[in-house]
Protein chains: 2
Amino acid sequence: MSTENWATERTEDFMEVRYRNDKTLFTGKSEFQKVEVVQTRWHGKMLLNDDLVMLTEKDEFVYHDMISHIPLFTHPNPKTVLVIGGGDGGSAREALRHEGVEKVVMVEIDKMVVDACIEHIPQTSEVLLGHPKLELIIGDGVKYVNETKLKFDVIIVDSTDPIGPAQPLFGPDFYKDVYSCLSDNGIVVSQGESPWYNVPIQESMMEVLSSQFPFVRMYQFGNLTYPGGAWCFTFASKGLSPLKDFDKSRVAESGLKFKYYTPELHSACFALPQFLLDSVEKFFKG
Amino acid sequence: MSTENWATERTEDFMEVRYRNDKTLFTGKSEFQKVEVVQTRWHGKMLLNDDLVMLTEKDEFVYHDMISHIPLFTHPNPKTVLVIGGGDGGSAREALRHEGVEKVVMVEIDKMVVDACIEHIPQTSEVLLGHPKLELIIGDGVKYVNETKLKFDVIIVDSTDPIGPAQPLFGPDFYKDVYSCLSDNGIVVSQGESPWYNVPIQESMMEVLSSQFPFVRMYQFGNLTYPGGAWCFTFASKGLSPLKDFDKSRVAESGLKFKYYTPELHSACFALPQFLLDSVEKFFKG
C-alpha cells in the first residue's frame, strides 16, 4: 500500500478522476471484466469494473434510490421486480424495502462482482446472502428476458456502460424482450449515462425505447462519483407516467425513509436542462 | 507544452480531477491568488484560481444560467443588479440579457482575473469591454456594499470558495450590508458550495442568511467541472419566493433562449435530496 496510490477513472483521453486508495481489497479478472474493490480515503469502499467507478459506500444511496423508487412509487402496486445487472445488490435491496413487492428476480452475469461485493461491501450486498423474496440468478440478462415466461411490474436495468458484457443491454432486441416481460402496467428504468460525455448513447437508447414503448421519458440526478456528476436514467412504460400517475401519499404510507429520494424530487428530476432536452426530447412519448 | 500535461484540481487529500491541458494560455500571481487560463482538450478554455476550476467554455452556461435567471425571473421587474465577484463576466452577461434591467454594477476584487478573461475567454468577458448598462468596478465587494447608497433589486454573489479573497463574502457582516443594499423586494443569490464536500460552509452560510432575511432557501444544479458535480446556490430575499412568486409567463415573454435554464427547472431545482435537507432545511425561512 502506497500513500500515493490512487484509484483512477479516465474519460477518453481528456479527463481523469483519481480517488486516494488506502488499500486494494480485491482485484480479479473474470471472463467479462476486471473487478476491483478498494478502500478509498473519503468515499468508503469503492467498486470498479474495468477501471470505471461503479459505486462507493458514501454515495451509492443516490443511484439506488433514484433507479428503484421512481418506478416503484410510480406503479400503483408493484409486486414483481426484475433487476438486470446490479451485481452489488443495491437495487435489489431498495426494491425489497417495498412491502408490497412479493418477488425480486436479479440476473447478474458476473459472479465475481457478486462475490467481491458480498465479501467486501455488505452495505449493498447483504441482501444477496439470502432473502425470502429474492431469487438471484448468475446468468445472462439478455437471454433471461428472451426466455422467461414470468411477467414483471418493474424492470430495473442496472448496467455498466455499453462496452463489454453490458453492450447488448443497450440494443433494440433486448428492449423488445423487456416489453414482453412487463405486465400490462409495467415500467422499465435503465442506467442512462452522462448528458455531457455520452450523448450518442443517450440518443440511441431513447430512440430504441421510443420505438417500443408508448411512454418514454428521461430523468436526471447528481451522482457524486460518476464523471461530471450529472447522470441520467431512462424511464419507459406501457402507459404509466411518473408525473400524472404518481400518488405522493404512497410514499408517506410506505413508512420508508430515504437519504436521497423525496416525493418532491420524484417529479423534479424529470425537469431536464435545455441542452439535454435538445438532444432527447424528440424521443419522448406519451 | 507536454501531451501529458494536466490541469489538476485537488479536493483535500483524497481526490483529484485532472483535465488534459493542451496549452497554458495565461498564468500569473495577483496580490490575491494564482490565476491561470488553460486550453483543455474537451472542455474548451478553463479558468483556474488557486488551482480550483472556476469555469470552462463548455459548461459555464450552467452556472451562469442558474445564478442569474432564478433571481431575475423570480423578481417581477428587476431593474438594478449588483454582481459581487464574477470576474469572468458571465453573471453580468446573463443579467444584461434581461431587457428590463437598467443597470448592472459589477465589483470584482482581482483585476488580473478580469484582464485574463478579457484576453482569453471572450465568451464570458466580452461584455466587460463596455456595455452601456454596465459599471465595472475593480474593488472590494465587502467595502462596496458597506459604503454604497444605491439599492439593488437583485444581488448575485458570484464568489470563489471561502479561502483567500472571498472569505469575508461568507460572513454575517457582509450579509447585513447586502440586506441594506437591497430594494424592498430584493433578492440575493450566492455561490453555495458542494453538498458533499462543503457541508459546514453550507450550514454556516444558511445560518447567516436565516439570521438576516425573512425568506431563505437553497437550490441545486449539476456543475460539470466542480468536484462531485452536484452544487448549490443560496437564495435569500426580503419576502419574494422563487416558487410562489414565480410567474412562468415572464420567461416566454422575455423572448430569451437558454441552454440550461427552463421554467420547469426554475421550480424543480428547489427540490433537494433528503441528505441535503437534513443539514440545511432547519435554516429555511418564509
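Trainee: How many bridges join strand β2 of chain A to β2(B), and do they run parallel or antiparallel?
Mentor: 5 bridges join β2 (residues 15-29) of chain A to β2(B), and the two run antiparallel. Strands count as paired if DSSP finds at least two bridges between them. Strands (E, at least two residues) and helices (H or I, at least four) are DSSP runs, numbered from the N terminus. This is a predicted model, in which local features need pLDDT of at least 70, side-chain atom pairs count only at pLDDT 80 or more, and totals for chains, interfaces and linings use all residues. Residues are numbered from 1 along each chain as its sequence is written, and chains are lettered from A in the order in which they are written.

Trainee: Which residue in β2(B) is the bridge partner of R18(A)?
Mentor: That is E16(B).

Trainee: How many residues does the contact take from each chain?
Mentor: It takes 29 from chain A and 29 from chain B. Residues are in contact if their C-beta atoms, placed from the backbone, lie within 7 Å.

Trainee: And which element of chain B gives the most to the side that touches chain A?
Mentor: β2(B) does, with 6 residues.

Trainee: Different topic. What turn lays chain B on chain A?
Mentor: A turn of 180°, with a shift of 0.0 Å along the axis, gives an RMSD of 0.0 Å. The superposition is by least squares on the C-alpha atoms of residues with pLDDT of at least 70 in both copies. The two copies are thus related as by a two-fold rotation axis.

Trainee: Which C-alpha in chain B is nearest the axis?
Mentor: That of G229(B), 1.9 Å from it.

Trainee: Why do the copies meet through the same surface?
Mentor: Because 100% of the interface residues of chain B are also interface residues in chain A.

Definitions and conventions. Contact = placed C-beta atoms within 7 Å.
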